[in-house]
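Here are my notes for anyone opening this one for the first time. Have a look at the structure, then go through the points in order.

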Amino acid sequence: MKPQKVLMCKPEYFEVNYSGNEFMKGNIDNVDKAKALSQWNGLKEIYASLGYEVVLIEPVKDLVDMVFTANQSLPFLDASGKKKVILSKMKNEQRKGEVTYFKDFYLKRDYEVIELPDEIRYFESMGDCVIDYNRNILFGGFGFRTDEKTYDTIANYTDFKILKLKLINPVLYHLDTCFSILNSKTAVIQQSAFSDEGLNSIKEYFENIIYADEKENLDYFVCNCHCPDGRNVIVQRGSAKFAEDITKTGLNLIDVETGEFMKSGGSVFCMKIMIY
């Protein structure tokens, strides 16, 4: 069952104060916090306007990246409909402390919390897990921020069909930077993120594939778009080719401004997680 709530975190303490990916390197201490809050509110209002309940987790001082709520947890329903969540293991030291607060959040909402075994070093959840809820398929990226063997553990706890995708472009370090599901027929991808084997696997599962222009993806994070309902595609404002491609599909494009968050390597998909 597709989740119908959106979990977000107010960017009260958001800033770029370390270099954890290629996008952050030139943006240390370069965040306009007032603008970031306005942009976050704009995205929050869009989800509300589409009929989704927006749930908030309290921000924590010094955890500057908590606003990117896609990364700390993987919530799901088991076969009996019970709410469960697998907690992440963040790769960057600056983000490891976030997970405890998400654990507490889920415990208060009657989720069963699952922690990964010691042999798994890294797992950044829905930064690397992109799910087609209609077909119950989890597309799992690995290579930079998630260990491949994580998916063996996920398979033991969930009934998702899992398709593993090796990421080969270090700039596109999460699956959600290079792959987005619009609906069960249509996906958006950045080809340079995948091997030929990975590209062929993706093609097997989607009738229509939108190939993002590489520069446009880096400039506007088009592959970090989010289509929560199979009809409305929320994406950073400014793309030309991607906007045209979406129009051709008959889907509705909703553009937003997330430029302050892009300085840290994240946009729409990174700034929320769908929960039960």
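1. Start with the open sheet, keeping in mind that this is a predicted model. Three strands make up this sheet, in the order β9-β10-β11, and their pairing is mixed. The edges are taken by β9 (179-183) and β11 (208-211); each has a single partner strand, so one side of each has no neighbour in the sheet. On average, neighbouring strands here are turned by 20° against each other, direction ignored.

2. Now zoom in on one pairing. In which sense do β9 and β10 pair, and over how many bridges? They run antiparallel, with four bridges between β9 and β10 (residues 186-189). If you want a spot to click on, try Ile181, whose bridge partner in β10 is Ala187.

3. Next, the helices that go with this sheet. Helix α4 (residues 196-205) packs on the sheet and touches β9, β10 and β11. The direction of α4 makes about 135° with that of β11. Helix α6 (residues 241-249) also lies across β9, β10 and β11, and α6 runs at about 165° to β11.

4. Step back to the whole chain. You'll count seven helices and 14 strands in the protein chain. Its radius of gyration is 17 Å, close to the 19 Å that the globule rule gives for 276 residues, so the chain is as compact as a globular protein of that length. Along the principal axes, the C-alpha trace spans about 45 × 45 × 35 Å.

5. What about space inside? Searching the whole structure turns up three cavities of 30 Å³ or more. The largest cavity holds about 130 Å³ of space. It is lined by 15 residues, and the closest to its centre are Asn21, Phe68, Arg95, Tyr173 and Ser264. Sorted by class, that lining has five nonpolar, seven polar and three charged residues.

6. The second largest cavity is worth a look too. Its volume is about 60 Å³. Which residues line the second largest cavity? They are Phe23, Leu172, Thr177, Asn217, Leu218, Phe221, Cys223 and Asn224. By class, this lining splits into five nonpolar and three polar residues, with no charged ones. For contrast, the lining of the largest cavity has three charged residues.

Key. Residues numbered from 1 in each chain as written. Predicted model: local features only at pLDDT ≥ 70, side-chain atom pairs only at ≥ 80, totals over all residues. Heavy atoms only, no water. 1 Å grid on protein atoms, 1.4 Å probe; cavity = no way out; pocket = protein on both sides within 12 Å on 5 of 7 lines; lining within 4 Å. Points joined across faces, edges and corners; volume = space filled by probe spheres on them. Nonpolar A, V, L, I, M, F, W, Y, C, P; charged D, E, K, R; others polar. Pairing = 2+ DSSP bridges. Helix = DSSP H or I, 4+ residues; strand = E, 2+ residues; numbered from the N terminus. Axes fitted to C-alpha atoms, helices over the stretch in contact; angles between N-to-C directions. Contact = heavy atoms within 4.5 Å. Rg over C-alpha atoms; globule rule 2.2 N^0.38 Å.
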